[in-house]
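Dear colleague,

I am passing on the structure below, followed by some notes on its packing. Please read them with the coordinates open.

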Amino acid sequence: MLTLRSLPQAPTNQLRNLGWDWMLGTDTLPYLTNEAVVVTAAEADAFADAANTLFEMLVAAGQLVIDQNRFAELGIPDNLVELIRHSWNDDRNILLYGRFDLAGGVDNQAIKLIEFNADTATCLPETAVVQYAHLRANGLDDSQQFNGLFETLVSQFAELKRQNDDLMPTLLLSAMRDTPEDDTNIALLGEAAREAGFEVAFAYVDEVEFSAEEGIYQFANGEFTRYDFWFKLIPWEYIAHDEPELANILTQIVQQRKAVVINPAYALLFQSKAILAVLWELYPHHPLLLRTDIRPLAGQPSVEKVLFGREGANIRLLDADGEATTTVDGDYGDYPKIYQQYVDFPQDSAGQRYQAGVFFAGEACALGFRRGGLVLDNTAQFVGHVVE
């Protein structure tokens, strides 16, 4: 049974004391719990080691896909292949961050990879700031949490600036409208970039101008301002399918060094859940992996996932006979599917399930948990942790 520790003091005042009042928005705090998952120091180290190992394995799997031209198998649109190859081969295109979703890791359960959110991972403010403030509000200190996310993001931005010193450190961050959760994630990234020496601005994506010849611009107050770095919390597959002309323009912009786009296009290699089948092909029976295939798994319970589904949408839980026991609707049903061996998550005394999220930003840097039912969807709660 997973162990929880009560943290009854809310982090509101701590957030104000830290100067992070913008974190007090209605979309962030209500789903924070008043308790934390208890993790031992050895378990925290194991989560970090697992994420570091898994990222190395993903790089090998990505290289295999590129070498064997298996983009279609991953559901990657043709109009992004050129940019994926280019960004992969140019080391200046750094993957800023991503989040590993993991089963196990506590209560003597083995760590298993569920998936890697490589393109537009969220839960940044909750992980980096809110759970830290919650810890401090209850009289605990930094040593009792595996959480260097904000500092590591600052280091990643500094490395991005260093690797691209032929460009101006001007960063435009963009999300889609009417997504307040995305706005808070963008705000945290902006704070980290400022600390790393970037000049930072924000614009919703419909306010951004793109030119293959000139680069990326924001039009505001009657003036165009050009930016050499663009972070987009908009999935690459959305751009490829819904804005094919923009995909072509971005390819030219990046190739001609008019701007660096973050996360780079090759993040889609890791975002596609078909990479899980490639991992199993490369590392069969690896202790961190679950058996995964593009065909149904005969004779064992499994999870059917669409290649680019998000927040638990379009998932089916299948029994050993391939019959669905749980089905979740969603907007991604037209994507191809993969089948991953089913594994249950650690549970608390109330039967709620916990999935670990380990952020990776050049290295494993932070841990948090999401709590919910059989399938974790957009109603799942964020639960912090304490190392004891």
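**Packing around Leu-269 and elsewhere**

Please bear in mind throughout that this is a predicted model.

Setting aside residues up to four places away in sequence, Leu-269 touches Gly-62, Val-65, Ile-66, Phe-71, Leu-74, Ile-76, Ile-84, Trp-88 and Ile-275. Leu-269 is also, with Phe-100 and Phe-369, one of the residues with the most contacts inside the largest nonpolar core, which has 81 residues; helix 2 supplies the largest share of this core, namely 13 residues. Apart from it lies another core, of 37 residues, which includes Ile-94, Leu-188, Val-200 and Leu-233.

Two of the residues that Leu-269 touches, Ile-84 and Trp-88, belong to the buried residues of helix 3 (residues 81–89), together with Val-81, Leu-83 and Ser-87. Seen down the axis of helix 3, these buried residues fall within an arc of 160 degrees, and they therefore line one face of the helix. Among the elements that cover them are helix 2 (41–67), helix 7 (236–242), helix 8 (244–255) and helix 9 (267–271).

A polar residue also deserves a look: Ser-174, placed in strand 5 (residues 170–174), counts as buried because its relative accessibility is 0%. The side chain of Ser-174 makes a polar contact, at 2.8 Å, with the side chain of Trp-230. Beyond its neighbours within four places in sequence, Ser-174 is in contact with Ile-186, Phe-202, Ala-203, Val-205, Val-208, Trp-230, Phe-231, Lys-232, Leu-233 and Ile-234; of these, Leu-233 is among the residues of the 37-residue core.

With best regards

Key
Residues are numbered from 1 along each chain as its sequence is written. This is a predicted model: local features need pLDDT of at least 70, side-chain atom pairs count only at pLDDT 80 or more; totals for chains, interfaces and linings use all residues. Side-chain values use heavy atoms; hydrogens and water are left out. Buried means under 20% relative accessible area, exposed over 50%, partly exposed in between (1.4 Å probe, protein chains only). Helices (H or I, at least four residues) and strands (E, at least two) are DSSP runs, numbered from the N terminus. The arc is that of the directions from the helix axis to the C-beta atoms. Contact means heavy atoms within 4.5 Å. A nonpolar core is a set of buried Ala, Val, Leu, Ile, Met, Phe, Trp, Tyr and Cys residues joined through side-chain atoms within 4.5 Å. A polar contact is a pair of N or O atoms within 3.5 Å; within protein, one must be able to donate a hydrogen and the other to accept it, and residues adjacent in sequence count only if both atoms are side-chain atoms.
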